Structures are given as structure tokens and as C-alpha cells.
Amino acid sequence: MIEAMYGMGVDTLKAARALEKVGFEPAQAEALVAAFGGSVAGGAATREDLRDLRSANREDNRALRGEVAVVRTELKEEIAEVRTELKEEIAEVRTELKEEIAELRSEMRAEFVAVRGEIAEVRKDMNAMKADIADLKTGLVKVRSGCHDDIKSLKAQMYGLLLAQATLIVGLVVGLQRLL
């Protein structure tokens, strides 16, 4: 009766008896087989269904492999394009950097030349200052020597004047004593 309901070759009687052997009541076993047997029987596939499925699966796999091959080819082409673009950009950046470095070197050389010129000027000024300082030292030595000579001369004159005044004072004192 259950077999007729589903129209499939499922042996529901055998399944119900197996359930009765393990302790199910006959009514429970039949209800259980009816509930699950219908879903199993309705979803069962035949050998022809499986062959058709395998064939469709193979066709799908072939189609997928073809698509994967196309995608791989496209990716390889895109990667090659990106590599080419990157190489070109890297070459451009290198060229720009080389140009900038050359400009900086040129500027630095010009700056070094200017700084060296300034250093030469400072050295000339320092040498001139050294010569001026040497002249000043020589002049100071002469002035000192002249001052020492003048001081000696003034001391001698002072001592002469003091001696003359002392002689005058002594003469006056002696003259005053005679008068007194």
C-alpha cells in the first residue's frame, strides 16, 4: 500500500519489519517508514540520472576549465602590462632622480666654490690683520722704548731741578742764618 503511494521500488515492508524487530510497535514502524520512506523514495536517483549528472558535471568541469584558462590568460596579460608599466615608471623615476642628483651636485659645487672664495677672502683679511697686529706690536715697542727714554730724561731733569732748588734753598737758609 505504501509502495503504491510513492510509485517507487522502495521496500517499505522490509523497513517496517526491521523497525519492529528493534522494538517499534507495528503502527509506529509503518508511520515512520511512511514518513521517511516517502522523502527517500521521492528523492532517489536512477542510474540514468547519475549518468546524466556525471555527463553534465564533466561538461561543467570542461566549461570551468576553459573559463579558468581564459582568466589565467587574462591575468597573465594584465600582470605583464602592470610589469611593463612599473618598469617604465621605475625608469622614469630613476631618470628624474639622476637629473635631480646632477642638479644638486652642480649646485653644491657652485656653493663650494663660493664658500672657498669667501674662505680665501677671510684668510686674506686675517693675514692683513696679523700684519696690522705685528705693526702695532712694533709700534708699541717703539712707544714703550720712547716712553722709557722720555721718563729717564724727565727723571734726570727733575733730579737736576730738585738739586738746583735744594741748592737754592740751602743757599737761602745759609744766607738767612748769616742775616740773623
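Leu75 lies in helix α4 of this predicted model. The relative accessibility of Leu75 is 45%, and because values between 20% and 50% are classed as partly exposed, Leu75 is counted as partly exposed. Together with Val71 and Ile79, Leu75 makes a nonpolar patch on the surface. The area of this patch is about 250 Å².

Helix α4, which spans residues 47-179, also contains Arg65. For Arg65 the relative accessibility is 61%. Exposed residues are those over 50%, so Arg65 is counted as exposed. Arg65 is one of the residues that form a positive patch on the surface. The other members of this positive patch are Arg47, Arg51, Arg54, Arg58 and Arg62.

In the protein as a whole, four helices and zero strands are found. The order of these elements along the sequence is α-α-α-α. Of the 180 residues in the protein, 5% are buried, a class that is defined as under 20% relative accessible area. The accessible surface of the protein amounts to about 16,200 Å². Carbon and sulfur atoms account for 61% of that surface.

Notes:
Residues numbered from 1 in each chain as written. Predicted model: local features only at pLDDT ≥ 70, side-chain atom pairs only at ≥ 80, totals over all residues. Heavy atoms only, no water. Patch = residues over 30% accessible without salt bridge, like charges linked within 9 Å, V, L, I, M, F, W, Y side chains within 5 Å. Areas by Shrake-Rupley, 256 points an atom, 1.4 Å probe, with all protein chains shown as cover. Salt bridge = Lys/Arg side-chain N within 4 Å of Asp/Glu carboxyl O. Lys, Arg positive; Asp, Glu negative; His and termini not counted. Charge placed at Lys NZ, Arg CZ, Asp CG, Glu CD. Helix = DSSP H or I, 4+ residues; strand = E, 2+ residues; numbered from the N terminus. Buried < 20%, exposed > 50% of the residue type's maximum accessible area, 1.4 Å probe, protein only.
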